[in-house]
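Here is a short tour for the bench. Please keep the model open beside you as you read.

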Amino acid sequence: MTTEPCPLCGAQAAITVGPVYGGVKRTLWRRQPFEEALYRCAEGHVYSVRIEGGSVTTEPYESVDAWLERKTGTERLERPPGL
């Protein structure tokens with residue numbers, strides 16, 4: 001994975017947030033593999049870096065939960081008490 005600068009402030013990525021997310025985007029008969037990872041810059045902004053077909057795109061998010069909600073399409077489930 002590459003470490004692109006933060007799209008909000010331009011700072012370099014300080015840490016990754018979780019593992020690399022890999023998948024396949026399908027369009028009719030073609031399958032386009034991609035890799036996406038979350039980063040947090042020194043200023044605290046969360047953003048994703050996506051590599052798809054040789055192109056690199058970055059997208060800012062409010063939080064890791066906002067990214068997860070976009071990927072799963074549902075709100076994050078509350079944890080049961082005691083866990």
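The report below covers confidence, layout, surface and cysteines.

## How confident is the model?

This is a predicted model. The mean pLDDT of the protein is 79, with 84% of the residues at 70 or more. Among the elements, strand β5 (residues 55-61) has the highest mean pLDDT, 88, while strand β2 (residues 21-27) has the lowest, 75.

## Layout of the chain

You will find 5 strands and 1 helix here. Starting at the N terminus, the order is β-β-β-β-β-α, so the helix follows the strands.

Both ends of helix α1 deserve a look. At the start of α1 (residues 64-72), the backbone nitrogen of Asp65 has a side-chain oxygen of Ser63 within 3.4 Å. Just after the helix, Gly73 adopts a positive phi of about 80°.

## Surface and contacts

Of the 83 residues in the protein, 19% are buried. The exposed area is about 6000 Å², and 51% of it comes from carbon and sulfur atoms. Among contacts with a separation of 6 or more, 39% join residues 24 or more positions apart.

## The cysteines

How many disulfides does a search of the whole structure find? The search finds 0. A disulfide needs two cysteine sulfur atoms within 2.5 Å. The closest cysteine sulfur to that of Cys6 is in Cys9, 3.8 Å away, which is too far for a bond. For Cys41, the closest cysteine sulfur is also in Cys9 and lies 3.8 Å away, so no bond is counted there.

Cys6 is buried, at 4% relative accessibility. Cys41 is buried too, with a relative accessible area of 3%.

Methods
Residues are numbered from 1 along each chain as its sequence is written. Side-chain values use heavy atoms; hydrogens and water are left out. Helices (H or I, at least four residues) and strands (E, at least two) are DSSP runs, numbered from the N terminus. Buried means under 20% relative accessible area, exposed over 50%, partly exposed in between (1.4 Å probe, protein chains only). Contact means heavy atoms within 4.5 Å. Accessible areas come from the Shrake-Rupley method with a 1.4 Å probe; for residues, only the protein chains shown count as cover. A polar contact is a pair of N or O atoms within 3.5 Å; within protein, one must be able to donate a hydrogen and the other to accept it, and residues adjacent in sequence count only if both atoms are side-chain atoms. pLDDT is the predictor's confidence in each residue, from 0 to 100.
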